[in-house]
Amino acid sequence: MPTPIASLDTPAALVDIPQMQRNIQRMQERMNSLGVRLRPHIKTSKCLPVIHAQIAAGASGVTVSTLKEAEHCFAAGIRDVFYAVAIAPGKLHQALALWRKGCNLSLLTDSVQGAEAIVAFAQQHDARFDVWIEIDCDGHRSGLAAQDPVLIDVACILSKGGLHLRGVMTHAGSSYELDSLEPLQALAEQERALCVHAADTLRAAGLACPEVSIGSTPTALSALNLDGVTEVRAGVYVFFDLVMRNIGVCQADELALSVLTTVIGHQPDKGWIITDAGWMAMSRDRGTQRQHQDFGYGQVCSETGDWIDGARVSAANQEHGIVTLDAAHSDALVTRFPIGSRLRILPNHACATGAQFPDYHAVEADGSVHIWSRLHGW
């Protein structure tokens with residue numbers, strides 16, 4: 001039977017189900033309007049009820065960040081799985097076991113050495129993996145430049161080695177550094193254009209490159225067109241968070257994940273409210289620190305989810321969160337927030353905060369709560 005929020009121990013990770021569904025629908029409708037497939041990145045939720053809601057809305061396949069996530073999704077009947085991290089040779093046996101069970105598992109590489117390792121392993125074990133090549137569209141992390149001649153070398157190694165070159169992919173991670181529409185639109189176009197250019201380069205060399213996969217939540221919600229793109233991988237949109245709010249792709253009331261916490265003490269002379277949600281609950285992610293508005297370790301809301309202006313978790317120990325209010329709201333802390341009262345904290349980074357909990361407490365519109373388990377580990 002569903003349980004009410006009042007009965008929950010704290011800290012607890014709460015998912016607002018109606019808001020999550022609106023977020024899912026918003027992204028799916030946008031991808032539909034742009035004519036591309038949505039392959040959600042499930043590293044944000046790592047939770048089957050969330051993933052099933054995304055697929056029910058129209059998503060096709062999933063993107064994962066660990067092979068354990070791939071195994072989890074395949075066991076739940078999801079066959080089209082893209083492991084979107086350049087695979088370490090030592091993990092190829094784990095990938096092989098999934099492939100042999102019938103999982104349509106795609107792998108990723110961005111180097112000659114990586115491609116050679118996949119080919120040698122596949123030939124040794126009579127496997128035919130689908131493989132993507134990662135393109136660097138913004139210097140943010142990994143991948144080959146779209147103009148790098150090594151791109152053709154990698155594709156030739158895969159194709160001549162008997163593997164299926166699924167396509168090229170990229171991720172505009174530097175979108176997290178932006179906070180206005182025109183720069184986001186420009187980066188979205190850069191992400192699209194460079195990845196399409198890489199695909200066209202391979203095709204001009206006589207190499208099959210059927211798919212072009214791009215993705216980040218900010219660029220997906222900002223792109224003006226996705227010509228030449230076949231799929232988008234986005235993840236954090238399902239919950240959103242304060243970083244996304246600062247970037248400008250969502251509003252505060254669209255954040256679907258929060259942490260329920262209890263007031264356990266005060267330091268009135270310091271203007272502190274002490275809660276039981278420290279960094280073990282919120283994570284150490286300080287993603288808003290370099291943005292135009294710093295929310296410390298999280299924005300404080302009432303137990304019912306109403307934003308409290310000027311209130312944030314300004315410091316955190318392992319099991320203690322220190323909440324401060326701005327000067328205009330700092331009077332009468334003890335009477336306004338007595339011991340035992342409850343608050344909700346909106347996280348900087350939904351992926352990192354979610355990772356602190358073994359399960360979510362998913363809240364229906366009527367206030368009833370369901371427990372949704374969350375995958376851990378690699």
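Reader: The second largest pocket has a volume of about 300 Å³. Which residues are closest to its centre, and how should I read "pocket" in the first place?

Author: Rolling a probe the size of a water molecule over the atoms shows where empty space is left. Here a 1 Å grid covers the protein atoms alone; a pocket is an open set of points with protein on both sides within 12 Å along at least five of seven lines, a cavity is a set where a 1.4 Å probe fits but cannot get out, and lining residues have an atom within 4 Å of a point. Points join across faces, edges and corners, and volume is the space filled by probe spheres set on them. For your pocket of about 300 Å³, 16 residues form the lining, and Asp16, Leu255, Thr304, Gly305 and Arg344 sit closest to the centre. Strands β12 (257-267) and β17 (342-346) each give two or more residues to that lining (strands are DSSP runs of E, at least two residues, and helices of H or I, at least four, numbered from the N terminus).

Author: Keep in mind that this is a predicted model, where local features need pLDDT of at least 70 and side-chain atom pairs pLDDT 80 or more, while totals for chains, interfaces and linings use all residues. Residues are numbered from 1 along each chain as its sequence is written, and side-chain values use heavy atoms, without hydrogens and water.

Reader: Fair enough. What is the chemical make-up of the second largest pocket's lining?

Author: Sort by class: Ala, Val, Leu, Ile, Met, Phe, Trp, Tyr, Cys and Pro are nonpolar, Asp, Glu, Lys and Arg charged, and the others, Gly among them, polar. That gives eight nonpolar, four polar and four charged residues.

Reader: And how big is the largest pocket?

Author: About 1100 Å³. Its lining has 42 residues, with Lys43, Arg141, Tyr176, His349 and Cys351 closest to the centre. The split is 13 nonpolar, 19 polar and 10 charged. Domain 1 (35-238) and domain 2 (252-373) each supply at least three lining residues; those bounds come from an automatic or database assignment. Over C-alpha atoms, the two domain centres are 35 Å apart.

Reader: How many cavities of 30 Å³ or more turn up?

Author: Two, searching the whole structure. The largest holds about 60 Å³, and its lining includes Cys137, His140 and Arg141. Strand β7 (residues 130-136) gives the most, three residues. By class, this lining has two nonpolar, four polar and four charged residues.

Reader: What lines the second largest cavity?

Author: Ala188, Glu191, Ile214, Thr219, Ala220, Ala223 and Leu226. Helices α7 (181-204) and α8 (217-220) each give two or more of them. Five are nonpolar, one polar and one charged, around a space of about 30 Å³.
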